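Open the model in your viewer and keep the selection tool to hand. Each stop below says what to select and what to look for there.

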Amino acid sequence: MSTTPETITGPDRRADLLERLTRVRMRIGNATRAAGRDAEPELIVVTKFFPASDVALLASMGVRQVGENRDQEAVAKAAETVAQGIELEWNFIGQLQSNKAKSVVRYAATVQSVDRAALVTALDNAMEREIGRRAEAGLPERAPLNVLIQLDLREDPSEPEEGTGFGRGGADPAGMLDLAALVASARHLRLRGLMAVAPLGTDPAPAFARLMELSARLRARHPEAGVVSAGMSQDLEAAVAAGATHLRIGSDVLGPRPGLL
Ligand SMILES: *Cc1c(COP(=O)(O)O)cnc(C)c1O
């Protein structure tokens with residue numbers, strides 16, 4: 001990783017993280033009250049580009065769910081924190097090549113970025129092998145893999161996708177129910193709901209409203225798939241107002257990502 005030591009160590013890092021995390025938790029609380037909702041959405045802290053030492057500090061502050069978007073980086077951090085006895089739920093939130101499925105099912109509780117049929121098959125096959133591997137090694141059983149279908153909320157899919165340093169991606173909403181049926185019929189996958197990133201440079205509210213409509217349509221067929229993962233640092237208030245159940249917050253907790261400074 002290219003993270004400079006100044007951004008990751010020093011006695012002030014704990015205080016810095018705690019201050020940012022507290023501010024984000026307050027924003028979530030305020031947004032929840034403003035929306036008249038009873039329960040706060042779950043916070044997933046996106047730790048990509050930041051070291052395992054930050055993940056450990058966040059865990060000590062009560063963070064239970066983290067998100068990562070690159071397999072190689074996530075593998076290393078999950079191994080480091082597991083070695084320290086830290087229990088966390090790992091969410092894979094990035095574009096995923098089918099040949100990485102085998103690796104991801106070793107540490108991820110949830111893959112939020114399922115956007116095509118081939119990936120559903122690859123993840124289910126990888127789970128089959130992982131279950132066998134664990135049994136042979138005498139390791140604890142692997143729970144079914146939670147899956148969110150990532151949807152592309154752009155009105156015009158020819159608009160550029162890149163722009164913030166990560167691919168936005170997602171499946172065409174027209175194919176949502178077919179993809180959902182495939183996940184639901186897989187042996188080792190559990191369909192939990194939807195994930196989306198608001199399109200760049202526009203008001204996120206209409207996009208999140210559309211996501212909630214799609215979620216209602218999904219739940220009519222799959223009542224167990226009520227998760228709506230939406231909302232990042234810049235648009236968490238809009239996501240809470242729309243009804244998101246999970247928020248994925250990176251830079252407002254960790255600080256600016258090293259590559260984007
Ligand atoms: C990086 C990332 C986030 C977090 O974004 P921030 O703007 O840093 O809060 C959320 N979702 C996905 C899919 C990401 O890749």
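A polar contact here is a pair of N or O atoms within 3.5 Å; within protein, one must be able to donate a hydrogen and the other to accept it, and residues adjacent in sequence count only if both atoms are side-chain atoms. This is a predicted model, in which local features need pLDDT of at least 70 and side-chain atom pairs count only at pLDDT 80 or more, while totals for chains, interfaces and linings use all residues. Residues are numbered from 1 along each chain as its sequence is written, and side-chain values use heavy atoms, with hydrogens and water left out.

**Stop 1: the ligand**

Select the ligand and the side chain of Lys48. An N or O atom of that side chain is 2.7 Å from an oxygen atom of the ligand. Add Ser233, where a side-chain N or O atom lies 2.6 Å from a ligand oxygen. Then add Arg248: one of its polar side-chain atoms is 2.9 Å from a nitrogen atom of the ligand. On its own the ligand has 390 Å² of accessible area, and the protein covers 95% of that (areas by the Shrake-Rupley method with a 1.4 Å probe; for residues, only the protein chains shown count as cover).

How many residues surround the ligand? There are 11, and the closest are Lys48, Ser233, Gly250, Ser251 and Arg257. To be counted as near, a residue needs a heavy atom within 4 Å of the molecule.

**Stop 2: Phe49**

Select Phe49, in the loop between strand S1 (42-46) and H3. Helices (H or I, at least four residues) and strands (E, at least two) are DSSP runs, numbered from the N terminus. Phi of Phe49 is positive, near 75°, in a residue other than glycine. Its relative accessibility is 22%, so Phe49 counts as partly exposed. The classes are buried, under 20% relative accessible area; exposed, over 50%; and partly exposed, in between (1.4 Å probe, protein chains only).

**Stop 3: Ile249**

Go to strand S8 (residues 246-249) and pick Ile249. Is Ile249 buried or exposed? Ile249 is buried, at a relative accessible area of 0%. Measure from its C-alpha to that of Val46: the two are 5.5 Å apart in space and 203 residues apart in sequence. Not counting residues up to four places away in sequence, Ile249 touches several others, among them Val24, Ile44, Val46, Met232 and Ser233. Contact means heavy atoms within 4.5 Å.

**Stop 4: helix H8**

Select residues 204-221, which form helix H8. The helix has 18 residues and reaches 26 Å from its first C-alpha to its last, close to the 26 Å expected at 1.5 Å a residue; the expected span is 1.5 Å times one less than the number of residues. At the N-terminal end, Asp203 caps H8 with a side-chain oxygen 3.0 Å from the backbone nitrogen of Ala205.

Now colour the buried residues of H8: Pro204, Ala207, Phe208, Leu211, Met212, Leu214, Ser215 and Leu218. They cover an arc of only 165° around the axis, so they sit on the same side of H8. The arc is that of the directions from the helix axis to the C-beta atoms. Among the elements covering these buried residues are strand S5 (145-151), helix H7 (176-185) and strand S6 (189-196). Turn to the other side of H8 to find Glu213 and Ala220 exposed.

**Stop 5: helix H4**

Helix H4 takes in residues 71-83. Which of its residues are buried? They are Asp71, Glu73, Ala74, Lys77, Ala78 and Thr81. Seen down the axis of H4, the buried residues fall within an arc of 150°, so they line one face of the helix. They pack against helix H3 (52-60), strand S2 (65-68), strand S3 (89-92) and helix H5 (101-104). The face turned away carries the exposed residues Gln72 and Ala83. After H4 comes Gly85, with a positive phi near 75°.

**Stop 6: Ser113 and Asp124**

Select Ser113 in strand S4 (residues 110-114). With a relative accessibility of 1%, Ser113 counts as buried. Its side chain reaches the backbone oxygen of Gly94 at 2.6 Å.

Finish at Asp124 in helix H6 (residues 117-137). Asp124 also counts as buried, at 7% relative accessibility. Leaving aside neighbours within four places in sequence, Asp124 is in contact with Ala186, Arg187, His188 and Leu189.
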